Amino acid sequence: TVLANQIAAGEVIERPASVIKELVENAIDAQASKIDILVEEAGTKSITIIDNGDGIAPEQVTRAFLRHATSKIVDRNDLFRVHSLGFRGEALPSIASVADVVLETAVASAKQGKKVHYRGGELIEEIGTSARQGTSVKVTDLFFNTPARLKYLKSQHTELAQIVDIINRLSLSHPDIAFRLTHNDHAILTSVGNGNVQQVLATIYGVQQARKMVALEAENADFKLKGYISLPELTRASRNYISILINGRYIKNYQLTKALVKGYGSKLMVGRFPLAVLEIDMDPLLVDVNVHPQKHEVRLSKEEQLMSLIEEAVAQRLGSENL
Ligand code: ADP
Ligand code: MG
């Protein structure tokens with residue numbers, strides 16, 4: 001029902017940045033190599049995501065807007081074996097229940113694509129459309145029917161910062177995808193998608209800053225680490241510049257961030273934090289991604305072993321850098 005979708009939206013869709021995260025993750029799941037994100041007025045006016053991914057077959061399109069209809073979870077154990085970013089089948093129905101959504105999509109072999117228009121959870125129009133492979137989704141009037149949400153939004157500046165943060169992280173975690181973020185017709189981020197993480201870092205932080213980052217690699221029986229961390233002279237006043245990814249999904253885990261910072265020992269000034277992007281590969285059975293609907297917060301088995309591995313890897317890398 002529309003109400004159930006609105007309730008789900010309350011958990012998943014907090015602000016324009018959450019809409020963007022869900023839609024871009026869908027594009028990533030659809031194997032897109034190019035994702036355009038166009039935003040007006042920090043997403044409060046419009047959000048458009050255009051990808052060149054697999055598209056959705058015409059007969060599947062309205063199904064994609066049914067709650068849980070597309071959920072990739074088959075049994076409880078699947079929660080631990082999640083490889084694609086989306087797995088709840090909640091994002092599209094949730095977004096469509098609190099906004100105006102036009103989705104246009106076509107698969108490779110199709111003669112025709114499909115266009116659907118939802119508003120406040122109701123299907124308003126469903127028509128055939130051109131067969132350009134991929135999907136575009138335009139979201140306008142976000143939270144038009146949930147005034148409390150709308151009121152809760154922060155300034156455009158803050159909402160845009162959240163959007164930029166999400167796209168920075170997603171582009172760092174998917175250096176093989178060409179991302180383009182445009183706000184009110186101004187280009188904010190353009191990554192080339194050639195697989196080079198350092199180039200994405202340079203795009204986000206500037207070439208000079210990216211040079212002050214060093215590669216990090218370590219592994220043990222359970223975990224494999226790979227990433228870039230900044231030298232102690234390049235720091236920020238916030239932990240927000242530390243991105244941690246587990247099996248390709250960026251996550252929030254205070255303990256792991258703490259371990260990374262601890263690896264710097266006394267090299268960091270008080271209240272300063274490094275820039276870092278850390279990719280961790282591990283058996284999906286050791287992760288429970290289902291802790292929070294937004295899937296940022298994860299719980300890990302063997303967390304302490306992972307913390308030591310991170311701390312030691314950072315300490316060693318910085319030690320060798322000083323020689
Ligand atoms: P989930 O991603 O959890 O499956 P969503 O509500 O985000 O749920 O998406 C529903 C379904 O719609 C997806 O499983 C996918 O099959 C399809 N879909 C959504 N966005 C895209 C896209 N950009 N390209 C191809 N398929 C998509
Ligand atoms: Mg999804």
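The points below concern the sheet and the domain layout of this predicted model.

1. The domain assignment divides the protein chain into domain 1, covering 2-190, and domain 2, covering 212-322, and the C-alpha centres of domain 1 and domain 2 lie 28 Å apart.

2. An open sheet is built from eight strands with mixed pairing, and their order is E5-E4-E3-E6-E2-E1-E7-E8. Strand E5 (122-129) and strand E8 (186-190) are the edge strands, each of them pairing on one side only, and from one strand to the next the twist averages 10°.

3. Strand E1 has a partner on either hand: with E2 the pairing is antiparallel over six bridges, whereas with E7 the pairing is parallel, also over six bridges. As individual bridge partners, Glu40 is matched with Ser46 in E2, and Ile37 with Leu181 in E7. The hairpin formed by E1 and E2 has five residues between the two strands, and Glu41, which lies in the turn, has a positive phi of about 45°.

4. In a regular strand, side chains alternate between the two faces of the sheet. Along E1 this alternation places Ile35, Ile37 and Val39 on one face, where they are buried, while Lys34, Asp36, Leu38 and Glu40 point to the other face and are not buried.

5. Strand E2 (residues 46-51) also pairs with strand E6 (residues 134-140), in the antiparallel sense and over six bridges; here the bridge partner of Ser46 is Thr140 in E6.

6. Helix H5 (residues 156-173) packs on the sheet and touches strand E1 (34-40), strand E7 (178-183) and E8, with a direction that makes about 170° with that of E7.

Key. Residues are numbered from 1 along each chain as its sequence is written. Chains are lettered from A and ligands numbered from 1 in the order in which they are written. This is a predicted model: local features need pLDDT of at least 70, side-chain atom pairs count only at pLDDT 80 or more; totals for chains, interfaces and linings use all residues. Two strands pair if DSSP finds at least two bridges between them. Helices (H or I, at least four residues) and strands (E, at least two) are DSSP runs, numbered from the N terminus. Axes are lines fitted to C-alpha atoms, for helices over the stretch in contact, and angles run from 0 to 180 degrees between N-to-C directions. Two residues are in contact if their C-beta atoms, placed from the backbone, lie within 7 Å. Domain bounds come from an automatic or database domain assignment. A residue is buried if 20 or more other C-beta atoms lie within 10 Å of its own, exposed if 12 or fewer, and partly exposed in between; C-beta atoms are placed from the backbone.
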